[in-house]
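Please look at the sequence and the structure shown here before reading on. The questions that follow ask how certain labels are reached.

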Amino acid sequence: MSFPHSKSSENWDKSILKGGTGSSPSASVDELMTLVGVESVKKEFLQIWKSIQIEAKQQGREQKPKAKPNNYSNYNDDMYGNFNGYGNDPSGGDDDKKDVVSTDISTFNVLFTGNPGTGKTTVAHLYGKFLIDMQILPKKAIVEVISGVKLASGGMQEIEGILDKLKKLGGGVIFVDEAYQLNEDSVGRQILNFILVHSEKLDNDKYGRLVWILAGYVKPMEKLLEVNIGLPSRFPNKFIFEDFTNAELLLVLHRYMNNAKLSGDNKFKVTDAKWTRIAIRRLANKRNIEGFANARAVRTMWDSIRKRQTYRLD
């Protein structure tokens, strides 16, 4: 089984070479291109980047390549890793207005659709860092992650508390996972209407620059768009997180195996590569079941394999 090729990663590398400096204009896009799968998301990411570049040229300013700071990424060496923050320079962003550039692009809001374990939360954090790299959001901006059910249970106090926090930073990204849950009761719908008002444009007079991400399974999100006719115009960007192919699932498993080896754990050995392919094929048979967990399912399988191995060795 051959490992998947990323056309988007290839195009990104070409863009860096075309820039003439050999330096990447965005460390966050570099990070995105290392992720397994999410090919259509990578493509949409690059389309947004190109739009920003075109506008920069029209305004007579160039997005200068930025060297990747030493403390940029706090990811564990994992399939995606656990995001622990951006590692921004704490001395930066004293004057938020100097951190950002003017833009005629009215909104950078995005709809995320896809099953669990496809990298939605990881991509949301990278999208926030990307918008900081591009000076769309201020340096101190953060990504606030919250579920639709928590927003609905917390009411207006919950969402206003989040926005007040972002206001102090000049803005940020609000990532609402399982956003369709906001459509299940009157409180949730009240919050959804509030989001519609405050997601109409990038520059919010009250809270600073805001970017909204609504995420969830495909069918519930489609229904949400049908019953809320104002959403499509406010969320023009769509990131579709497709289920991983067998080759991508196998690559995830290989990364776990390699990470274990690099950490000095030499207990796990595969006598024949066919066994990993068989394991992945069995796992992939569950792909048509709603909620198939993709990379998360591989992680669960890997943990089970390691546990069984430990029992045998003991």
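What follows is a set of questions and answers about this model, which is a predicted one.

Q: What makes strand β3 largely enclosed by the rest of the structure?
A: Strand β3 covers residues 171-177, and six of these seven residues are buried, so the strand is largely enclosed by the rest of the structure. On one side, six bridges join β3 to the parallel strand β2 (residues 142-147), with Val 145 and Phe 175 as bridge partners. Six bridges also join β3 to the parallel strand β5 (residues 208-216), where Trp 212 is the bridge partner of Ile 174.

Q: Why is the pair of Phe 112 and Phe 175 called tilted?
A: Rings pair if their centres lie within 6.5 Å, and planes that are neither under 30 degrees nor over 60 degrees apart count as tilted. The centres of Phe 112 and Phe 175 are 5.9 Å apart and their planes stand at 55 degrees, so this pair is tilted. Because Phe 112 belongs to strand β1 (residues 110-114) and Phe 175 to strand β3, the pair ties together parts that are 63 residues apart in sequence. Both Phe 112 and Phe 175 are buried.

Q: Why does the pair of Tyr 127 and Phe 239 count as edge-to-face?
A: The planes of Tyr 127 and Phe 239 stand at 80 degrees, with the ring centres 5.7 Å apart, and planes over 60 degrees apart count as edge-to-face; the pair is therefore edge-to-face. Tyr 127 lies in helix α5 (residues 120-133) and Phe 239 in strand β6 (residues 237-241), 112 residues apart.

Q: How do you know that Tyr 127 and Phe 239 are buried or exposed?
A: Buried means under 20% relative accessible area. Tyr 127 has 0% relative accessibility and therefore counts as buried, and Phe 239, with a relative accessible area of 1%, is buried as well. Tyr 127 and Phe 239 are also members of one aromatic cluster, which includes Phe 112 and Phe 175.

Q: What makes the contact between Lys 165 and Glu 144 a salt bridge?
A: A salt bridge needs a side-chain nitrogen of Lys or Arg within 4 Å of a carboxyl oxygen of Asp or Glu, and the closest N and O atoms of Lys 165 and Glu 144 are 2.8 Å apart, as befits a salt bridge. Since Lys 165 lies in helix α6 and Glu 144 in strand β2, the pair ties together parts that are 21 residues apart in sequence.

Q: Why is Lys 165 called partly exposed, and why does Glu 144 count as buried?
A: The limits are under 20% for buried and over 50% for exposed, with partly exposed in between. Lys 165 has a relative accessible area of 43% and is therefore partly exposed, whereas Glu 144, at 15% relative accessibility, counts as buried.

Q: What makes Asp 203 and Arg 209 a salt bridge?
A: The closest N and O atoms of Asp 203 and Arg 209 are 2.7 Å apart, and the limit is 4 Å, so the two residues form a salt bridge. Asp 203 is partly exposed at 37% relative accessibility, while Arg 209 is buried with a relative accessible area of 7%.

Technical notes. Residues numbered from 1 in each chain as written. Predicted model: local features only at pLDDT ≥ 70, side-chain atom pairs only at ≥ 80, totals over all residues. Heavy atoms only, no water. Buried < 20%, exposed > 50% of the residue type's maximum accessible area, 1.4 Å probe, protein only. Helix = DSSP H or I, 4+ residues; strand = E, 2+ residues; numbered from the N terminus. Pairing = 2+ DSSP bridges. Phe/Tyr/Trp six-rings, centres within 6.5 Å; stacked < 30°, edge-to-face > 60°.
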